[in-house]
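Let's take a walk through this protein together, one piece at a time. Have the sequence and the 3D view ready, and follow along as we go.

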Amino acid sequence: MSSAYMDNNATTRVDPRVLETILPYFSEYYGNPSSMHSFGGDVGKRLEEARASVQALLGVEHDSEIIFTSCGTESDNTAILSALAIQPSRREIITSVVEHPAILSLCDHLERHEGYKVHYIPVDRLGRISMEAYAAALSEQVAIVSMMYANNETGTIFPVETMARMAKEKGALFHTDAVQAVGKIALNMQESAIDMLSLSGHKLHAPKGIGALYVRRGTRYRPMLRGGHQERGRRAGTENTTGIIALGLAADMALEHMEYENTVVRALRDRLEAGILAQVPYAFANGDPEHRLPNTSSISFEYIEGEAILMLLSRVGIAASSGSACTSGSLEPSHVLRAMDIPYTAAHGTIRFSLSRETTEAEVDWVIAQTPPIVEQLRRLSPYWGANGPILTDNAFAPVYA
Ligand code: PLP
């Protein structure tokens with residue numbers, strides 16, 4: 001049986017070259033980079049090389065603008081908390097309804113327990129941000145705007161540069177969660193209005209547990225972790241040396257593959273999407289067709305459950321993810337799909353396929369061959385499906401493309 005890993009937005013495989021490079025830093029050069037003796041080997045130097053690699057990937061001029069963290073979540077939390085701490089008179093935050101929980105859950109906490117006002121900007125049916133609502137929410141009370149660069153579920157890309165310039169006019173800081181964008185979209189922070197940007201190693205073929213936060217030079221900053229003087233006192237804690245070295249190499253490789261990602265991977269994604277949609281009625285792709293990550297395809301299969309699709313896909317070796325989060329026994333569609341107003345019967349049956357530079361044509365063809373019969377099989381069992389197709393006429397469940 002073939003298999004296909006189509007869940008790269010959840011996490012990627014550590015590139016074998018990355019793994020090989022870091023192994024000696026567990027077993028031979030395991031010293032603390034702050035120590036004077038030779039067990040640290042050249043590790044301090046390797047950390048600075050890694051920083052230069054991350055700088056190159058983001059188009060960052062100064063090494064002091066990159067802070068290594070433990071993950072995307074830490075970078076996101078640090079950016080927002082820092083912005084609030086340095087501007088105590090500004091008590092408002094702007095974000096979007098479709099952010100990752102790394103942002104939404106912190107905003108919820110700040111709203112409930114710290115008295116901040118949070119503006120959640122809505123999106124339309126294609127996941128595009130409402131620029132009118134954004135402009136209306138911006139004011140001199142806003143300390144920070146945090147808008148994701150690209151959505152993890154649909155791949156929709158926000159116009160973050162325009163939004164950052166608008167924030168600047170009101171004196172607000174602008175942060176972007178670029179965890180899904182880094183390595184897939186060419187970035188140049190030197191020509192950007194973005195003040196802070198988060199990234200995560202495990203989304204670009206480095207291990208889990210390493211991330212980075214870009215902080216533009218001149219931006220006032222308050223650390224979240226206090227302790228030793230690591231990262232120039234801006235993120236205390238002994239460095240995750242293997243993670244940082246891995247992230248550096250992964251950044252070099254992401255830069256090398258940027259073109260490939262936007263041509264070959266994009267073509268594979270398009271082939272996958274078209275191949276499935278051509279065979280399956282009552283199915284459609286989600287997200288902004290014009291501004292979308294090259295590797296992501298979110299497909300709604302109406303009248304069936306995403307979890308059931310995933311289970312059957314998994315039986316034939318296909319790993320994908322659903323747009324639904326299973327909470328306390330009730331299956332709720334994801335907040336992203338609900339915010340986009342995707343009808344319930346479609347949102348429930350949404351599957352995200354996310355590719356990477358490691359995805360092969362054979363894997364894509366396997367998914368194209370396996371998915372349609374699985375959908376058909378499940379529809380035969382669906383209470384919403386009759387001998388001649390969907391049986392519901394109720395508006396709430398009306399098919400979008402009937
Ligand atoms: N932000 C986005 C958009 C993500 O997709 C993720 C991970 O899924 C994160 C943040 C969190 O990153 P990490 O797992 O490194 O904390």
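Which residue in E10 is the bridge partner of Ala 285? Keep that in mind while you find your bearings, and remember that what you see is a predicted model.

To answer, look for the open sheet built from four strands, arranged in the order E9-E10-E15-E12 with antiparallel pairing. Its edges are strand E9 (283–286) and strand E12 (321–322), each of which pairs on one side only. E9 is joined to strand E10 (residues 296–301) by four bridges in the antiparallel sense. Here is the answer: the bridge partner of Ala 285 is Ile 299 in E10. Now bring helix H9 (residues 258–279) into view; H9 lies across E9, E10 and strand E15 (350–354). Relative to E10, helix H9 runs at about 10°.

Next, turn to the other open sheet, where seven strands follow the order E2-E8-E7-E6-E5-E3-E4. The pairing here is mixed. As a reminder, strands of a sheet pair through backbone hydrogen bonds, either parallel or antiparallel. Strand E2 (66–69) and strand E4 (117–121) are the edge strands, each pairing on one side only. On average, neighbouring strands of this sheet are turned by 20° against each other, direction ignored. At the E4 edge, five bridges join E4 to strand E3 (residues 92–96), and the two run parallel. You can check this pairing at Ile 94, which stands opposite His 119 in E4. Towards the E2 edge, helix H3 (residues 43–58) lies across E2, strand E7 (196–200) and strand E8 (211–215), and H3 runs at about 115° to E2.

Now for a pair of helices. Two packed helices are described by the angle between their axes and the distance between the axes. For helix H4 (residues 72–86) and helix H5 (residues 101–113), the axes come within 9 Å and cross at roughly 35°. This crossing of H4 and H5 is right-handed. Where they meet, H4 brings Thr 73, Asp 76, Asn 77, Ile 80, Leu 81 and Leu 84, while H5 brings Ala 102, Ile 103, Leu 106, Cys 107 and Leu 110.

Finally, have a look at the ligand. How many residues surround it? There are 13, and the closest are Gly 72, Thr 73, Asp 177, Ser 200 and Lys 203. Gly 72 places a backbone N or O atom 2.8 Å from an oxygen atom of the ligand. Two histidines approach with their side chains: a polar side-chain atom lies 2.9 Å from a ligand oxygen atom for His 202, and 3.3 Å from a ligand oxygen atom for His 100. On its own the ligand has 390 Å² of accessible area, and the protein covers 87% of that.

Definitions and conventions: Residues are numbered from 1 along each chain as its sequence is written. This is a predicted model: local features need pLDDT of at least 70, side-chain atom pairs count only at pLDDT 80 or more; totals for chains, interfaces and linings use all residues. Side-chain values use heavy atoms; hydrogens and water are left out. Two strands pair if DSSP finds at least two bridges between them. Axes are lines fitted to C-alpha atoms, for helices over the stretch in contact, and angles run from 0 to 180 degrees between N-to-C directions. Contact means heavy atoms within 4.5 Å. A residue is near a molecule or strand if one of its heavy atoms lies within 4 Å of it. A polar contact is a pair of N or O atoms within 3.5 Å; within protein, one must be able to donate a hydrogen and the other to accept it, and residues adjacent in sequence count only if both atoms are side-chain atoms. Accessible areas come from the Shrake-Rupley method with a 1.4 Å probe; for residues, only the protein chains shown count as cover. A crossing is left-handed if the near helix is turned anticlockwise from the far one by less than a right angle, and right-handed if clockwise.
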